[in-house]
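This report is written for a reader who meets the structure for the first time. Please keep the sequence and the model in view while reading.

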Amino acid sequence: MRLIDDQGTQVGIVGVREAIQMAEERGFDLVEVAPNAVPPVCRLLDYGKFRYEQSKKEREARKNQKQAELKQIRLMPKTDDHDIAVKANQAKRFLLQGDKVKFNVRFRGREMAHPEIGRKMLEAIAEQLREIAIVEQRPLMEGRVLSLLVAPTPKVLKAAQQAQKARLAQKASAGTHEESAHPAATEQDDAELDDDELDDDDDELDDDDDELDDDDDDEDEDLEDDDLAAEDDASGKAK
């Protein structure tokens, strides 16, 4: 094997026993770093420390990567043009951050007879976002909901990841500076952050309850529309 010592210096071609003996004498591990080379390359190092540094680099790399989220935007067939423009601008902000966006047009009652209205609405939105987004799923009807899924273009996604990496680096640098300047305030700040996170969780639960209430209201309206349709049919037959 070709051996490299703990200082990074090439020892040369040595036998396995000689390399093991050298590793034991110096208190290092004998690790094969290039098994496909001819002859194989081995190195003297502290394997535990080596694995720790590798895992640390992997964690830092994952931390710097932007994890894409799925943002959902709700629409109605009767949503006016101004509100559609507002929703499109909201989706644009999500896309520039590297997130995917799913538009959901919900139909109620007799609105189910005109799905083309929602389809035209979603196609118009996709056209407005075509410079920064690609369509991953064309308008698709799922029950009473017509959905469109768009994702940021590779160029936009790369820019979002670079911006995220720069923000993390700046935040880490600022955090290190503040911690060294005010070490006593760290625990208090952490406690305040925990309280904020609990408040955010409560807000999310309240939002979920509101959405459930909205869905119940929608179902009640759908039932009322169906009852009205049944009464119209019955009165028509009676005549």
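## Helix α3 and its two sides

In this predicted model, helix α3 buries Ile 84, Ala 88, Ala 91, Phe 94 and Leu 95. These residues lie on the same side of α3, because they cover an arc of only 115° around the axis. An α-helix has 3.6 residues a turn, so residues three or four places apart point the same way. The face of α3 turned away from the buried side carries His 82 and Arg 93, which are exposed.

The helix comprises residues 81-96, 16 residues in total. From the first C-alpha of α3 to the last, the distance is 23 Å, close to the 22 Å expected at 1.5 Å a residue. Just after α3, Gly 98 adopts a positive phi of about 95°.

## The four-stranded sheet

An open sheet is formed by four strands in the order β2-β1-β4-β3, and the pairing is mixed. Strands β2 (10-13) and β3 (29-34) stand at the edges with a single partner strand each, so one side of each has no neighbour in the sheet. On average, neighbouring strands of this sheet are turned by 25° against each other, direction ignored.

The edge strand β3 runs antiparallel to β4 (residues 41-45), and five bridges join the two. Within this pairing, Leu 30 has Leu 44 in β4 as its bridge partner. Strands of a sheet pair through backbone hydrogen bonds, either parallel or antiparallel.

## The hairpin of β7 and β8

Strand β7 (residues 133-142) and strand β8 (residues 145-152) run antiparallel and are joined by seven bridges. Val 135 stands opposite Val 150 in β8. Two residues lie between the strands of this hairpin, and Gly 143 takes a positive phi near 70° there.

## Confidence of the model

How far does the confidence reach across the protein, and what is its mean pLDDT? The mean pLDDT is 77, and 69% of the residues reach 70 or more.

Two stretches fall below 50. Over residues 201-205 the pLDDT stays under 50, and the model has zero contacts for them beyond four places in sequence. Residues 208-213 also have a pLDDT below 50, with zero contacts in the model beyond near neighbours in sequence. Where pLDDT is low, the predicted coordinates should not be read in detail.

How values were computed. Residues are numbered from 1 along each chain as its sequence is written. This is a predicted model: local features need pLDDT of at least 70, side-chain atom pairs count only at pLDDT 80 or more; totals for chains, interfaces and linings use all residues. Side-chain values use heavy atoms; hydrogens and water are left out. pLDDT is the predictor's confidence in each residue, from 0 to 100. Contact means heavy atoms within 4.5 Å. Two strands pair if DSSP finds at least two bridges between them. The expected span of a helix is 1.5 Å times one less than its number of residues. Buried means under 20% relative accessible area, exposed over 50%, partly exposed in between (1.4 Å probe, protein chains only). The arc is that of the directions from the helix axis to the C-beta atoms. Axes are lines fitted to C-alpha atoms, for helices over the stretch in contact, and angles run from 0 to 180 degrees between N-to-C directions.
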